[in-house]
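Dear colleague,

Please find below the structure that I promised to pass on to you. My notes on the findings follow directly after it.

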Amino acid sequence: MKGWGLALATLAFAGMALAADEDKDLDLIPGQPSRPEKSDAPKSGSLFGGEGRLFVENALTSTAVRNDLLVPFPPPLPPRWEERFFGDARIEWPLASNAHVAYSGRLSFVAQEGLGFPNRGNVTNDLREVYASIEPQPRNYFDAGRINVKSGVALGFNPTDFFKTRAVVDPLTTDPSVLREDRLGTLMIRGQHVGEASSLTVAYAPRVTNPSPVAVDPYRGFNPLWGRTNGTERWLVKASAQLGEGVNPELLAYWESGKWQLGANIAESVGQSTVVYLEWSGGRQLGIAEQALAFARTTGTIPSDAPSVFMQGNNERFRSQVAVGASYTTESKITFNLEYHYNGAGFSRSDWDRWFAAGEGRPDSSPIVRGLWYIRDYAAGQQEPMQRNSVFVRADWVDAFVPKLELTAFALVDAGDGSTRWQVEADYAKTDLWSFGVLAAGTTGGRHSNYGSLPSEASVLLKVTRYF
Amino acid sequence: MHFAMSRPIGIVLGVLLAVHGALALAQSAQEIVAASDKIRNPEQPFRTTLTLTEYVSGQERSHSGFVLFSKEDGSGHFRNLLQYVEPPRDAGKRVLLDGRSFWFFDPASQASVRISAQQRLTGQAAIGDVLTVNLAADYSASLTGTESIDDAARQKRNCWHLDLKAASEIAVYNRVEYWVEQGSFRPVKGKFYSDSGRLLKIIYYRNFVERLGAVRPAEAVIIDAVDSSLATISVLGESRFQDVPDAWFQRDYLPRLQVR
């Protein structure tokens with residue numbers, strides 16, 4: 001009996017001690033006790049009568065240029081410094097309970113090596129989106145205007161993102177997952193039905209002008225660049241369905257200039273920390289060099305009967321593009337992405353050998369050299385890898401070392417020659433309104449490699465952002 | 001009459017009685033958790049504002065605001081759809097948290113990206129899930145005992161101390177210690193542990209007010225147990241019942257969500 005009493009007393013004491021331990025957690029509660037009378041609704045600021053996001057940013061870039069290229073880069077070389085100050089807005093204005101208009105754009109003030117000052121090139125306006133949207137019946141939508149239509153689930157390359165081509169202008173980053181943030185929409189009409197567990201979208205983009213040449217005119221000013229987005233007639237039909245818990249595949253059919261391409265994408269969770277995804281598109285296509293040549297003739301960059309300076313030697317045939325990968329997130333808030341990219345229209349190793357052989361030793365004023373670099377500029381504009389096989393690795397660390405510091409790094413490796421495009425970025429949200437960032441990017445590889453033969457060797461960008 | 005019982009039969013009966021007793025206790029523990037779940041959130045679909053204030057070493061560091069649409073599915077889990085309202089850099093971003101299906105939409109890129117359960121925790125929107133989780137649906141509860149502990153306002157509360165073990169694939173945490181006030185079933189405090197047994201978060205529920213048809217906690221203090229200098233105070237503000245169609249919980253609806 002004595003023993004039981006002692007045990008009960010011990011347990012009671014232990015319970016009190018545990019409860020006392022629990023009460024120590026109260027010391028970790030910040031601030032004053034709650035004030036129920038305080039208004040706690042989030043404050044959504046009004047932007048010119050609408051809602052959205054507005055920020056200004058100053059970005060200063062310094063670039064180191066290679067001067068020992070096997071195939072010389074035709075002038076002008078990339079500027080060695082650039083100062084860019086811009087205002088960026090994305091705003092929606094409600095018209096009625098079921099309708100709104102949207103605007104998205106960026107007004108930039110630019111100074112850079114070789115551009116001169118003052119002139120029309122110092123101010124550019126990128127009209128990304130302006131459209132009206134109405135929901136005449138619940139979850140049936142109709143949109144008209146310049147719209148940025150995005151598809152795909154991968155991070156480094158999106159084969160099913162058909163409207164990505166030629167839409168990116170003056171990027172401040174080479175991170176493909178960020179490039180889609182500042183790209184031009186396409187003038188189109190779009191209808192969408194969102195069902196209980198499915199969705200169907202049909203979009204039609206008319207041809208409103210002739211396609212513009214590959215090079216972006218630095219003196220474009222306020223030109224909306226319709227020639228980059230609406231130089232051809234295009235259709236897109238896409239459907240998705242919720243097949244199971246979280247299984248949400250998307251099927252796409254895309255038509256441009258009389259040719260169809262099909263596509264599909266799917267992403268699925270595996271366990272608590274991993275997502276795997278697959279994206280594919282396929283259709284009859286020329287090789288990238290022949291595509292570039294055809295485009296150069298269409299846009300009058302070269303005479304329609306001019307011979308090609310370089311051919312991959314592949315006729316139009318069915319070609320696929322694939323991005324397959326996985327993301328993995330750790331308990332310490334680091335997300336890794338690993339992807340494999342395949343571009344059936346891209347350069348094989350032997351194509352690269354012939355590309356270098358065709359241009360090596362020639363002066364930068366040579367028409368052949370210009371033609372060779374035109375192919376690469378064209379491919380970059382398509383937002384597709386120039387090479388056939390590549391590996392993409394990306395890491396994103398949220399709250400790295402200190403809260404609100406985000407570190408991002410990626411490497412895009414040409415699997416054929418091991419050359420790499422890389423970037424490391426640190427972004428610190430000092431307050432809710434101010435951010436500071438530094439970004440270093442570059443290319444590595446031998447002189448006879450894909451990325452090692454690019455004129456830009458490395459660059460550093462410093463930026464300050466103020467949100468409103 | 002002397003009823004003689006053989007030793008083996010006695011042991012078997014004893015074990016059966018013990019098992020029966022344990023089951024009864026387990027059931028009541030589960031009922032306590034279920035009753036507490038009902039205090040935190042209603043069964044009907046609703047919309048609410050959610051404000052999060054982050055503190056570092058007691059100093060206010062940042063502020064996030066959301067509109068949250070929440071709906072309980074047939075199995076007792078909440079499906080959540082959130083839109084950031086503030087800070088300005090995040091305004092318009094949306095997160096779909098639905099069982100094992102998580103999507104993040106950024107209006108800047110017009111892209112919807114599928115994220116894992118772990119990646120969801122890297123963003124503040126995951127607190128929406130923490131606040132609406134029906135613990136009884138995802139965890140198996142047992143009663144540890146009764147304790148008198150201080151609530152967030154340092155008022156003594158006589159509580160059931162419950163130990164919750166993850167019982168479903170979608171349980172965010174491996175284990176939860178949970179204190180529920182006896183009689184009122186109000187949640188007082190929770191401690192949330194990782195698979196490795198590491199204490200990740202401590203949550204205090206406070207400021208019980210009339211909200212969505214009952215007296216419910218309007219605030220939760222979420223303490224980061226890994227870095228105890230970090231804490232977040234979440235406040236559920238303007239709330240109302242609202243029909244939330246099932247069609248909203250798919251990736252193609254994310255770009256269409258309107259919070260006006």
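A residue is called buried here when its relative accessible area is under 20%, exposed when that value is over 50%, and partly exposed in between. By that rule B:Ser36 is buried, because its relative accessibility is 0%. Please bear in mind throughout that this is a predicted model.

B:Ser36 belongs to helix α1 of chain B. Leaving aside residues up to four places away in sequence, B:Ser36 touches B:Tyr178, B:Val180, B:Phe185, B:Arg186 and B:Pro187. With one of these, B:Tyr178, there is also a polar contact between the two side chains, at 2.8 Å.

Confidence

The predictor assigns the complex an ipTM of 0.88 and a pTM of 0.88. Chain A has a mean pLDDT of 90, with 92% of its residues at 70 or more. In chain A, residues 1-14 fall below 50 and have zero contacts beyond near neighbours in sequence. Residues 33-39 of chain A also stay under 50, and the model gives them six contacts beyond four places in sequence.

For chain B the mean pLDDT is 87, and 90% of the residues reach 70 or more. Among the elements of chain B, strand β9 (residues 175-181) has the highest mean pLDDT, 96, and helix α1 (residues 7-40) the lowest, 66. In chain B, pLDDT is under 50 over residues 1-5, which have two contacts beyond four places in sequence. It is likewise below 50 over residues 16-24 of chain B, a stretch with zero contacts beyond near neighbours in sequence. Where pLDDT is low, the predicted coordinates should not be read in detail.

The fold of chain B

Chain B contains four helices and 13 strands. Of its 260 residues, 59% count as buried.

Two salt bridges within chain B may interest you. One joins the side chains of B:Asp246 and B:Lys71, at 2.9 Å from N to O. B:Asp246 lies in the segment after β13 and B:Lys71 in strand β2 (residues 59-72), so this pair ties together parts that are 175 residues apart in sequence. B:Asp246 is partly exposed at 34% relative accessibility, whereas B:Lys71 is buried at 15%.

The other joins B:Arg175 and B:Asp163, at 2.8 Å from N to O. Here the partners lie in strand β9 and strand β8 (residues 156-166) of chain B, so the pair links parts that are 12 residues apart in sequence. B:Arg175 is partly exposed, at 25%, and B:Asp163 is buried, at 10%.

The interface

The contact between the chains takes 77 residues from chain B and 82 residues from chain A. Together the chains bury about 6600 Å², 48% of it on carbon and sulfur atoms. B:Arg89, B:Arg114 and B:Arg256 supply 13% of the area that chain B buries against chain A, more than any other three residues.

Seven salt bridges cross this interface. One of the three arginines, B:Arg256, meets A:Asp143 in a salt bridge at 2.7 Å from N to O. A:Glu250 and B:Arg251 form a salt bridge too, with their closest N and O atoms 3.7 Å apart. A:Glu250 lies in strand β9 (residues 250-256) of chain A and B:Arg251 in the segment after β13 (230-241) of chain B, so the pair joins two chains. Both partners are buried: A:Glu250 has a relative accessible area of 3%, and B:Arg251 has 4%.

With kind regards

Terms used
Residues numbered from 1 in each chain as written. Chains lettered and ligands numbered in written order. Predicted model: local features only at pLDDT ≥ 70, side-chain atom pairs only at ≥ 80, totals over all residues. Heavy atoms only, no water. Contact = heavy atoms within 4.5 Å. Buried area = accessible area lost by both parts, 1.4 Å probe. Salt bridge = Lys/Arg side-chain N within 4 Å of Asp/Glu carboxyl O. pLDDT = per-residue confidence, 0-100. Buried < 20%, exposed > 50% of the residue type's maximum accessible area, 1.4 Å probe, protein only. Polar contact = N/O pair within 3.5 Å; in protein donor to acceptor, adjacent residues only side chain to side chain.
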